[in-house]
Every structure is written in C-alpha cells, then in structure tokens.
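Visitor: I would like to go through this structure term by term, and to hear for each label what value stands behind it.

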Amino acid sequence: MAPCPASTTSGTESFTAGSAAPSSLTSVTLIGSEQPNSFGPRAIGVIVRSARDYGRVEISNAKICGYVEGVAVEGASVSVSNSRICKGDKGAVLYNGELLFDQNRVRVDQVGVAAASGRAVITGNSFAGVRDAIYGEPRASIEARDNRVWSRDLCRPRFENRYRDRYAPSWGGGDRGYDCQYSPYPRDWWEAEDGQYYDYGYPLDGYDRYQQGYGWYDRSGRYVPDNRYYGDDRWSRGGRGW
C-alpha cells in the first residue's frame with residue numbers, strides 16, 4: 001500500500017497488513033466525536049488487522065483525537081511514532097502482534113498503552129491525565145523505558161518515615177518504564193491539541209525546596225520548611241553545626 005497523504009477526516013482508518021512492503025499513514029488528522037458509544041462497536045481511530053501473511057504498518061506524525069481507542073492492533077506489526085493521541089480512553093491497545101510506540105504524546109483518561117497479548121516496545125513517550133500509563137496482561141511482553149507521565153492519579157506519592165516525625169516522598173521502584181513529572185504540563189503542547197488548559201501534574205507542595213535539600217514532609221504529605229538541617233542531616237540528629 002502506498003503512503004497515505006496528509007489529510008483530515010472524522011472517520012476511522014482501517015488497515016489489513018499483508019506481506020508486501022510496509023503500509024504507512026503519515027501526517028493524517030483523525031477527529032472523533034469524543035463520546036463513547038452507548039451501544040454497538042467501540043470507536044477506534046486506527047485499527048490494524050493482519051491478513052494471512054503477517055504484515056507491518058507505520059504511523060507517523062499523525063493526530064488522532066476523540067476516540068475510545070486511538071490505535072488498535074490485532075495480529076499485525078505496527079509502529080506509531082511522533083504522533084499525538086488525545087481526548088479518548090486509551091491511547092493504543094495491542095490485542096495481539098507487535099507494537100513499537102515511540103516519541104508520542106498521549107493525553108487520555110484511562111490507559112496510555114494497554115497490551116493484552118503480543119510484544120510492545122514503549123519508549124520516549126509523554127502520557128498525561130492517565131490512570132495507568134502502561135498496562136499489560138500476563139500474555140503480553142512489554143519493554144518500556146524513558147517515558148514521562150503527568151497524572152494526579154498515577155503520580156500521587158507515598159510518604160515514608162525517615163526520622164522521627166520526618167517523612168520523604170516515594171513513588172515506588174524504578175522498573176515501571178516511566179518517570180512522574182512535577183513541572184506543569186507544557187501549555188504549547190496543550191494548545192496544539194486545543195481545549196481549556198489543565199495542568200495534569202501532581203502538585204506536591206514544597207517539592208522544589210525539598211529537592212534542594214531543605215525540609216521534609218509530615219505523615220499526611222504536608223511540607224515542613226526547615227533551614228537548619230541540610231541534605232541527609234535532616235534524617236539524623238546533626239546538621240551544619242547546629
């Protein structure tokens with residue numbers, strides 16, 4: 001299949017990938033209704049199915065907004081890169097096959113990338129507003145790294161006791177494949193997707209000062225400013241000669 005030229009449409013793109021050269025969807029804008037179906041099939045921006053011969057589809061520089069699922073993969077090999085997916089429930093769903101998801105911006109309400117089965121490689125993406133950035137069922141193999149997340153649901157920290165009534169924020173292990181962001185969600189990104197601006201970042205009070213080595217948190221997550229003890233000294237009895 002020849003590359004699809006740049007266009008804007010409100011319909012769903014459907015591909016059946018064969019054994020020939022990879023099909024491509026480039027610089028295309030797909031706009032859905034932003035409303036889930038109350039009956040009938042779910043709304044999907046791009047759905048890629050495999051023919052008898054396993055095939056490949058490449059999606060790049062696309063904008064896919066307003067669908068329950070931005071991209072759905074059923075048995076094919078699909079790469080999605082440098083694209084924007086917004087105003088939906090799930091950014092991409094891998095039902096079976098292979099998905100390479102790289103350098104995309106995803107702003108959806110539920111899951112950034114979900115994998116039921118197959119292999120997903122998820123690298124260098126930005127996820128905003130999600131309740132789960134990356135979800136995999138037992139039959140799925142997922143490799144994820146260097147992703148960023150802005151989410152008040154997902155990035156809410158725990159507070160671990162470090163010394164007496166002094167607590168430190170903790171976001172769990174580093175094997176999730178993403179890092180939570182505490183700077184505001186970029187306004188220029190939002191303007192490219194339109195709608196009223198909303199900062200999805202978790203507002204952890206005093207975090208900048210905490211990172212500089214001053215103060216701590218109480219067990220309820222309230223920042224306690226303190227200039228006497230610096231760095232690791234705040235977790236012990238000593239501190240800079242005081």
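Guide: A salt bridge here is a side-chain nitrogen of Lys or Arg within 4 Å of a carboxyl oxygen of Asp or Glu. Please keep in mind throughout that this is a predicted model.

Visitor: Why is the contact between Glu-74 and Arg-49 called a salt bridge?

Guide: The closest N and O atoms of Glu-74 and Arg-49 are 3.2 Å apart, and the cut-off is within 4 Å, so the pair qualifies. Glu-74 lies in strand S8 and Arg-49 in strand S5 (residues 44-50), so the salt bridge ties together parts that are 25 residues apart in sequence. By this rule the count comes to seven salt bridges.

Visitor: What makes Glu-74 and Arg-49 partly exposed rather than buried?

Guide: Partly exposed is the range between the buried limit, under 20% relative accessible area, and the exposed limit, over 50%. Glu-74 has 28% and Arg-49 has 37%, so both carry the label partly exposed.

Visitor: How do you know that Asp-226 and Arg-228 meet in a salt bridge, and what is the accessibility label of each?

Guide: Their side chains meet at 3.1 Å, N to O, and since the rule asks for a distance within 4 Å, the term applies. Asp-226, with a relative accessible area of 10%, is buried, whereas Arg-228, at 41%, counts as partly exposed. Elsewhere, salt bridges that share partners join Arg-119, Glu-143 and Arg-145 into one network.

Visitor: Why does Arg-166 have no salt bridge?

Guide: The nearest side chain of opposite charge, that of Asp-165, is 4.4 Å away, and a salt bridge would need a distance within 4 Å, so the criterion is not met. Arg-166, which lies in strand S19 (residues 166-170), is nevertheless buried. Not counting residues up to four places away in sequence, Arg-166 touches several residues, including Glu-160, Tyr-229, Asp-233 and Trp-235.

Visitor: What makes Trp-235 buried?

Guide: Its relative accessibility is 12%, and buried means under 20%, so the label follows. Trp-235 sits in the segment after strand S22 (223-224), and among its contacts, not counting residues up to four places away in sequence, are Arg-162, Arg-166, Tyr-210 and Trp-216.

Visitor: How many aromatic pairs does a search of the whole structure find, and why is the one between Trp-150 and Trp-189 called edge-to-face?

Guide: The search finds nine aromatic pairs. For Trp-150 and Trp-189 the rings are 5.7 Å apart, centre to centre, with 80 degrees between the planes; pairing requires centres within 6.5 Å and edge-to-face requires over 60 degrees, so both conditions are satisfied. Trp-150 lies in strand S17 (residues 147-150) and Trp-189 in helix H1 (residues 187-193), so this pair ties together parts that are 39 residues apart in sequence. Trp-150 is buried, at 2% relative accessible area, and Trp-189 also counts as buried, at 17%.

Visitor: How do you know that the charged end of Arg-234 sits over the ring of Tyr-210?

Guide: The charged end of Arg-234 is 4.4 Å from the ring centre of Tyr-210, and the distance part of the rule asks for within 6 Å, so that part is fulfilled. Tyr-210 also belongs to one aromatic cluster with Phe-159, Tyr-207, Tyr-217 and Tyr-223.

Key: Residues are numbered from 1 along each chain as its sequence is written. This is a predicted model: local features need pLDDT of at least 70, side-chain atom pairs count only at pLDDT 80 or more; totals for chains, interfaces and linings use all residues. Side-chain values use heavy atoms; hydrogens and water are left out. Helices (H or I, at least four residues) and strands (E, at least two) are DSSP runs, numbered from the N terminus. Buried means under 20% relative accessible area, exposed over 50%, partly exposed in between (1.4 Å probe, protein chains only). Lys and Arg count as positive and Asp and Glu as negative; His and the chain ends are not counted. Contact means heavy atoms within 4.5 Å. Rings of Phe, Tyr and Trp (its six-membered ring) pair if their centres lie within 6.5 Å; planes under 30 degrees apart count as stacked, over 60 as edge-to-face and the rest as tilted. A charge sits over a ring if NZ of Lys or CZ of Arg is within 6 Å of the ring centre and within 35 degrees of the ring normal.
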